[in-house]
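Student: I am new to this structure and should be grateful for a close look at a single part. Which residue would you take as the starting point, and what can be said about its surroundings?

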Amino acid sequence: MKRPAAVLMIQGTSSNVGKSMMVTGLCRWFSNKGYKVAPFKAQNMALNSSVTPSGEEIGCAQFFQAEAARAVPSSAMNPILLKPEGESISQVVLRGQSIGTYSFRTYHGMKPELRIKIVEALDELRKSYDIVIIEGAGSPAEINLKANDLVNMFVAKACDAPVLLVGDIDRGGVFAAFVGTMELLEPDERERVAGFIINKFRGDPKLLSSGLEMLEAKTARRVFGLVPYLKDHGLPDEDSLGLERRPQRLRSGFEGVTIAILRYPRMSNYDEFHSLEREAGTELAYIEDPADIEAADLLILPGSKQTISDLAWLFSGGREEALRRRLAAGKPIMAICGGYQMLGAKLFDLEGAESPAGSTVSGLGFLDHETHFFGKKITRQVQVTWLHDPWQLGIQVPLTGYEIHVGRISGAALPPIFEVLGGETTSEGQAMSTAPLLGTMVHGLFENTVFRLALLNKLRGLKNLPLLTATEVMGRGESYDKLAAHIEANCDMQAILNLLHRKV
């Protein structure tokens with residue numbers, strides 16, 4: 001009988017210290033060494049999510065970690081996903097399916113049952129893989145949250161996992177964070193921490209030697225890695241903290257292609273634009289200002305977790321008028337999912353799927369369709385091919401993507417642009433014949449290298465800029481290998497292997 005997979009847990013001194021990146025790189029490194037490896041995160045809170053081949057919704061970080069591990073993404077890798085809908089309420093996605101929207105107080109009462117689901121999911125993975133790399137959330141030393149913990153030391157204890165604690169030295173105070181975290185842990189939790197990884201280091205490592213010695217002396221734990229800051233690791237952020245570091249305005253005088261993502265309050269799935277940020281001669285910003293709506297070479301209306309609420313925001317502050325001026329000027333607009341729904345004539349949420357029950361509002365009216373929101377969410381991977389190519393991108397191969405929505409579009413006056421394989425319908429999307437406006441319900445198109453290259457070259461051609469070649473556009477597989485090599489070069493991988501092998 002196969003032994004359960006070896007386990008290693010990556011926790012952090014706080015959010016956004018690089019836990020997800022570390023797990024992704026380790027998944028790739030172990031995969032490159034021939035191990036069958038899977039990622040795991042018990043509970044994720046993010047508006048960025050992806051859809052597995054079986055139609056389950058999971059956090060985008062676990063989707064990409066599975067991809068890095070060369071594993072098939074599944075809901076067992078992220079059994080609970082929380083998608084915030086307000087200050088104290090979230091939609092709860094359990095094993096890939098939405099089970100409703102709950103207040104945080106109500107959610108706390110569900111935790112005994114959820115703990116059972118978490119352990120079941122982890123056991124399921126350990127039966128199928130050689131190694132499971134587990135990611136924590138926030139900090140294990142949040143003393144006000146520890147009694148109801150689902151994702152840090154609870155998980156480590158459930159599978160008897162050794163823990164590596166990651167800290168971000170770039171933000172300052174990393175030694176205090178490590179020592180303080182250890183002090184606040186219970187004795188049995190402290191015993192689980194095998195050591196530390198210092199992330200996002202800049203400068204000469206020799207200048208850090210005295211600090212490392214003091215840290216090891218105070219905690220009786222070793223430092224497993226000093227990982228230099230990696231500006232372009234090629235992976236999207238899973239939460240809004242990463243978004244805050246993105247440009248909020250377009251720079252004037254930029255000579256390449258400028259792309260503006262309209263940043264509504266409840267924007268979702270913005271991770272799908274990360275690949276655009278990394279392309280040569282491209283500037284991308286998440287904007288709110290009407291001037292940037294008009295100025296960008298391409299404007300994208302992204303998905304939304306609360307489309308009707310975000311549409312009301314769009315109608316304020318001069319943004320609607322700027323959109324209409326942009327459309328009249330013939331400048332390209334691409335709208336995805338919620339953004340596409342906003343372009344229509346009417347939006348109806350009679351059941352209260354995303355908004356107060358009975359909500360009916362007017363859309364932008366750029367297109368004639370209506371959107372009706374229903375309780376059951378559509379989540380599936382799809383392939384699309386062009387029925388007609390309104391922007392003349394010249395793509396002949398199928399494009400992969402995914403649908404994730406509760407709104408259904410009907411009454412479209414214009415012919416569909418995509419034939420859909422594996423979707424709810426056989427065709428979808430619209431494009432205006434009088435202006436370069438394209439709308440689609442399909443997420444993830446920019447993750448197709450061929451689509452990204454064709455669209456960027458279309459925009460570059462309009463500005464008489466040199467065209468990019470296929471070799472200048474990097475895929476995610478190369479990013480995973482780059483990250484794995486970076487971790488290998490700066491961590492004691494033999495010592496990390498030893499942590500795992502003692503559990504086999």
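Tutor: Phe446 is the starting point: with a relative accessible area of 0%, this residue is buried (under 20% relative accessible area; exposed is over 50%, partly exposed in between, for a 1.4 Å probe and protein chains only). The model is predicted, so local features are described only at pLDDT of at least 70 and side-chain atom pairs only at pLDDT 80 or more, while totals for chains, interfaces and linings use all residues. Residues are numbered from 1 along each chain as its sequence is written, and side-chain values use heavy atoms, with hydrogens and water left out.

The aromatic contacts come next. There are nine aromatic pairs in the structure (ring centres of Phe, Tyr or Trp, its six-membered ring, within 6.5 Å; planes under 30 degrees apart are stacked, over 60 edge-to-face, the rest tilted). One of them joins Phe30 to Tyr35 in an edge-to-face arrangement, 5.8 Å centre to centre and with 80° between the planes. Its two members differ in exposure: Phe30 has a relative accessible area of 0% and is buried, whereas Tyr35, at 25%, is partly exposed. In the pair of Phe273 and Phe446, the planes meet at 65° and the centres lie 5.8 Å apart, so this pair is edge-to-face. It links distant parts of the chain, the two residues being 173 residues apart. Phe273 belongs to the loop between strand E14 (267-268) and helix H9 (274-277), and Phe446 to the loop between E26 and helix H14 (449-462); helices (H or I, at least four residues) and strands (E, at least two) are DSSP runs numbered from the N terminus. Phe273 is buried as well, with a relative accessible area of 0%. As for Phe30 and Tyr35, ring pairs connect them with Trp29 in a cluster.

Strand E26, which borders the loop of Phe446, covers residues 437-440 and runs parallel to strand E18, to which four bridges join it (two strands pair if DSSP finds at least two bridges between them). Within this pairing, Gly439 of E26 is the bridge partner of Ala335. Strand E18 comprises residues 333-336, and both its faces are covered. Ile333 and Ala335 lie on one side and Met334 and Ile336 on the other, and all of these are buried. In a regular strand, side chains alternate between the two faces of the sheet. E18 also pairs with strand E16 (residues 298-301), in the parallel sense and over three bridges. There, Ile300 stands opposite Met334 of E18.

Helix H11 (residues 307-314) has six of its eight residues buried, so the rest of the structure largely encloses this helix. The buried residues include Thr307, Ile308 and Asp310, together with Leu311, Trp313 and Leu314. Over the face of Trp313 lies Arg319, at 3.7 Å from the ring centre (for such a contact, NZ of Lys or CZ of Arg is within 6 Å of the ring centre and within 35 degrees of the ring normal). Another such contact places Arg222 over the face of Phe224, at 4.6 Å from the ring centre.

A last example of residues distant in sequence concerns His501, which is found in helix H16 (residues 493-501). Ile131 is 370 residues from His501 in sequence, but their C-alpha atoms are 9.8 Å apart in space. His501 counts as partly exposed, at 41% relative accessibility, whereas Phe446, with which this description began, is buried.
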